[in-house]
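Let's work through a few exercises together. Have a look at the sequence and the structure first, then try each task before reading its solution.

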Amino acid sequence: QPEDPDFQNSVAMPVLRQIYEAFRSFSSRATIPAETLERHFFRPIEEEYSWLHRSVVGLDQRAEVELFHSHDGPLWSEIERRLAPLEVLKITVLSPFFDRDIALLKRIRERWQGAEFTVVAQPKYSNLPAHELVDLFSDGGTGRLIAATPAPGRRLHAKALAFETTAGTFWLAGSANAT
């Protein structure tokens, strides 16, 4: 419950507020008139849960988890902006599916050339093109390909990027594949 002090001090409130703000952002392009959404959806929610209202400040400063989405623009520029002032030491990509020319992996490798680079995929399930990987890992750098071995009958479904920096490890997780 939002009134519970444990909830108020948890990671949940700022994340839920970010989700709510994303819905507000998405609704700006809806075919339903803005006033209808405001009157029948947003106002009743904010009357019930006043901490979701935009006038409430302080939740954003406590956010340990940040939600960002591609609704307003590509995620790549957001990743670069957040990591620009940091030294990226290691990058791990975990995904079952990749674009045919592994463009995202090449882009990551090119952008952070000095970082240790690891790709985790499941043999006989992932669509990683072997001929493209040869070029990606043949530069004498610190690249590794790791085989994920889930239990029999299971398939790798996780999709995540981890950027280990001098300031900590930043994770990007979601349902998008590494494309």
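Helices here are DSSP runs of H or I with at least four residues, strands are runs of E with at least two, and both are numbered from the N terminus. Keep in mind that this is a predicted model.

**Exercise 1.** Walk along the protein chain from the N terminus and write down the order of its elements.

*Solution.* Start with the inventory: the protein chain has six helices and five strands. Now put them in order, and you get α-α-α-α-β-α-β-α-β-β-β.

**Exercise 2.** Work out the strand order in the sheet and find its edge strands.

*Solution.* Begin with a pair that's easy to trace: E1 (residues 88-94) and E2 (residues 116-121) run parallel and are joined by five bridges. Within that pairing, Leu94 has Val120 in E2 as its bridge partner. Next, extend the picture to five strands, and the order reads E3-E2-E1-E4-E5, in an open sheet with mixed pairing. The edges are E3 (143-147) and E5 (168-173), since each of them pairs on one side only. As a last step, check the twist: on average, neighbouring strands of this sheet are turned by 15° against each other, ignoring direction.

**Exercise 3.** Which strands do helices H4 and H6 pack on or lie across?

*Solution.* Take H4 (residues 75-83) to begin with: this helix packs on the sheet and touches E1, E4 (160-165) and E5. The direction of H4 makes about 15° with that of E4. Then turn to H6 (residues 130-137), which lies across E2 and E3. H6 runs at about 145° to E3.

**Exercise 4.** Is Leu75 buried, partly exposed or exposed, and what does Leu75 touch?

*Solution.* First place the residue: Leu75 sits in helix H4. Its relative accessible area is 27%. Buried means under 20% and exposed means over 50%, so Leu75 is partly exposed. Now for the neighbours: leaving out residues up to four places away in sequence, Leu75 touches Phe68, His69 and Ser70. Finally, look further along the chain: Leu172 is 97 residues away from Leu75, yet their C-alpha atoms are separated by 9.9 Å.

**Exercise 5.** Find the residues that make a nonpolar surface patch of about 400 Å².

*Solution.* The patch is made by Leu16, Ile19, Phe23, Phe26 and Leu67. Pick out Phe23, which is found in helix H2 (residues 12-27). With a relative accessibility of 46%, Phe23 counts as partly exposed.

Terms used. Residues are numbered from 1 along each chain as its sequence is written. This is a predicted model: local features need pLDDT of at least 70, side-chain atom pairs count only at pLDDT 80 or more; totals for chains, interfaces and linings use all residues. Side-chain values use heavy atoms; hydrogens and water are left out. Two strands pair if DSSP finds at least two bridges between them. Axes are lines fitted to C-alpha atoms, for helices over the stretch in contact, and angles run from 0 to 180 degrees between N-to-C directions. Contact means heavy atoms within 4.5 Å. Patches are made of residues with over 30% relative accessible area and no salt bridge: like charges are joined within 9 Å, nonpolar side chains (Val, Leu, Ile, Met, Phe, Trp, Tyr) within 5 Å. Accessible areas come from the Shrake-Rupley method with a 1.4 Å probe; for residues, only the protein chains shown count as cover. A salt bridge is a side-chain nitrogen of Lys or Arg within 4 Å of a carboxyl oxygen of Asp or Glu. Buried means under 20% relative accessible area, exposed over 50%, partly exposed in between (1.4 Å probe, protein chains only).
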